[in-house]
Amino acid sequence: MPLRKLSYLTLIVLALLSAVSVYHVAHLRFNYNFNDFYPAGDPDLAYYEKYSERFGNDNDFVLLALEAPAGHTVFNGPFLSRVDSLTRFAQRQRNVVHVVSPTNATNPVVEGLGVFNLPYLHPAEPARLQDDSALIYRTPGLVDNLFARDARAITVLIQTSPELKKPAGDSLLTSIKTQLGQLGFAENNYHLAGRLVAQSVFVDRLQWELAVFMSLSVVLVTVLLWFTFRTWWGVVLPLIVVLGAILWGLGLMAACGISIDLMTALLPVMMFVVGMSDTIHIITRYVTELGYGASKKDALLTTIKESGFGSGLSALTTSIGFFTLMTSTIKPIHNFGLFTGISVLLAFVLSFTLLPALLILLRKPQLRTAREDGHSWDGILGRLFRWVLTRRRLVFTTAGLILAGSIFFAMQIRINSALLDDLSDSDPVKQDFRFFDQRFAGVRPFELNLQPAQGRSIYDLAVLQEVEQIENYLKKDYDLRVAASPVTIIKSVRKALNGGGVEEYRLPDSEAELRRIVNKVKLFRKKPEFRALVAPDGSEGRLTGRMPDVGSIRADALNLGLRRFLRQQIDSTVVHTRLTGSANLIDKNNENLTLNMIQGMSIDIVMVVLIVLALFRSLRMTVVVIIPNLVPIIIVAGVMGACGVAMKVSTSIIFTIAFGIAVDDTIHFISKLKLTLLHEPTLFRAVRKTYLMAGKAVIVTSLILVGGFSTLIFSRFDGTFYVGVLIGLTLLFGVVAELTLLPLLILFFYKHKPREIREQVPVLGG
């Protein structure tokens, strides 16, 4: 079949596949499901899922803090009236299960057969507010929970329907904000926190950033392509190929029912940058052959023959770099690795189908300078090659010193994460969350499952006394500022039975008194806070609370101390405990980060070693190839340690991705070297020719990669920002190592025709 007909047929098939992809992409949705970041397959996750079925999720709430007018405390009649109006409004909204507010908090008192709920606050009676405040600040469970210690702010806790999705959650938040405005609360006088708030903000920003980063990447890459090739087709063709790969990748993702989340949102930008590599190598080689005087057909055939092998290997190693992320137990990282890796392979397919078809149909380009002996790049690269060889001691010494310093600083890296660590400290949302940490109990949930020993009930006095001991430890040594448990129920009912006095808020002294109290508990079972603390049959209990978001390092230390206390001080023949909850699961991710990163890097390195062994049958050559690609990784690890950048979910992917991308140019270089060795009499001449042939593509692709990743520095997510900065730095250091260390290591360590190498190296050394 003639080449032109084959090209048209290829374009028709690719157009049909693209149309199918467009259909699926149209159904792609954005998602931020907090639960997706739990470690999949972990026994603690399975345990928490069963636990939440019984007691509910610990993050299905919205915290709303309201600050009193300047110069006033919250014990102000007009202010409390507005709070009460807002409380009633919130309770009427769809998807709101329960609202706890200072204005509906009551002090229950049991008289006869009935329960009387006496309000703590009397907004309509200003004369009583002073006495109200005195009672509130003596009553356990109100300060830090509903009232700030300085009496300048209050909190309204809005319990929502389980697993509320973004549309319904956004509608609820919008209604509340609208009502706040109508009640006269300015934006700087209220603060919102909770899963719904994070979900709303993250998804909206994902959509905005995806559009911005793609636009910036297109503009930047277009400019770099123009300066590289100075032809319209040198700009348009790579863009068509890469955008096609992105379209196919997203279409496949949508067809598999995967939504765009915080990690997969990076796929289009990542692919737009990474996918350029093969097209640039092809076009650069094509133009080079034309510059040497080859015909259009011969130039294209030579390009496909020589670039296909190297591009195939580099696409394989780059995709493996992403596929290794599938070892992660975090679903968004797993999906990101899977579909980005597939997209890399799709980009390779399009580079050797769509791109050649378009080049065949286009006229032979008119080059600005036709030279029989090459382009001006040859002169630049030739001088650089000579400089590297004559300064080899300087290159090795500098690399060694930088490597030693980087290893020292890399050892300072710490694994730490917080609930909102992907938002910068200056972000208004993070500042709102921090407001609750500083002025109230905090936003980090705490969950401890309570299982009475066999034959006991959660309402046994011995069990309650052990639980009270745990509560005391948590408040004193764990910084749990607000706690509720079955002990809370018994103490509250005892207080209600004894006139509601604060001094009566304690556990009973005897089993007989406890039985009398337990018999009265049924009067309070309609209270949602009571139902959420004890199983109906008394076979299980829950100790729940909130604390500041201290970060995973501090949380691990606190949990270690708690487990030691439970093991040493709590009688396991009375009650069994197990730490659980969403915050505990997020912390558990840190235990897997280092292991997943090491697994990913190991798989990457093994695959590169196998490829080099298959090409050169030389163990020395594997070392030669690995070193220039590990050095940039170690340097960037040193930068992270020196700058105090913590290892967390979003930054743990950097090293694996960076190695997979950085080794791409090395694979191109050594695959070209393998072919060149068949035609050149000495290793030196083969390395020099390969350096001149591959050098331009290495520099251009690296600049485009660095430029593309640099667009991510404008992200308002810290994780995305660091991905852009650190991968960009890795690739920058990588191209330097590629052009300096790699040729030196090949010449001095690869044993190929040793007699001819000995004849050449001394001449260059001089």
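**View 1. Asp 587 is a buried residue paired with Arg 444.** At 4% relative accessibility, Asp 587 counts as buried (under 20% relative accessible area, with a 1.4 Å probe and protein chains only). Its partner in a salt bridge is Arg 444, with the closest N and O atoms 2.3 Å apart; the term means a side-chain nitrogen of Lys or Arg within 4 Å of a carboxyl oxygen of Asp or Glu. The pair links distant parts of the chain, 143 residues apart: Arg 444 sits in strand 7 (residues 444–452) and Asp 587 in helix 21 (residues 582–616). Helices (H or I, at least four residues) and strands (E, at least two) are DSSP runs, numbered from the N terminus. Arg 444 is buried too, with a relative accessible area of 4%.

This is a predicted model, where local features need pLDDT of at least 70 and side-chain atom pairs pLDDT 80 or more, while totals for chains, interfaces and linings use all residues. Residues are numbered from 1 along each chain as its sequence is written, and side-chain values use heavy atoms, leaving out hydrogens and water.

**View 2. Arg 205 meets Asp 427 in a salt bridge.** Here the closest N and O atoms are 2.4 Å apart. Arg 205 belongs to helix 6 (residues 195–229), and Asp 427 to the loop between helix 14 (392–410) and helix 15 (428–439). Arg 205 counts as buried at 9% relative accessibility, and Asp 427 at 4%.

**View 3. Asp 460 and Arg 456 form a salt bridge.** Their closest N and O atoms are 3.8 Å apart. Asp 460 is partly exposed (between 20% and 50%), with a relative accessible area of 22%; for Arg 456 the value is 35%.
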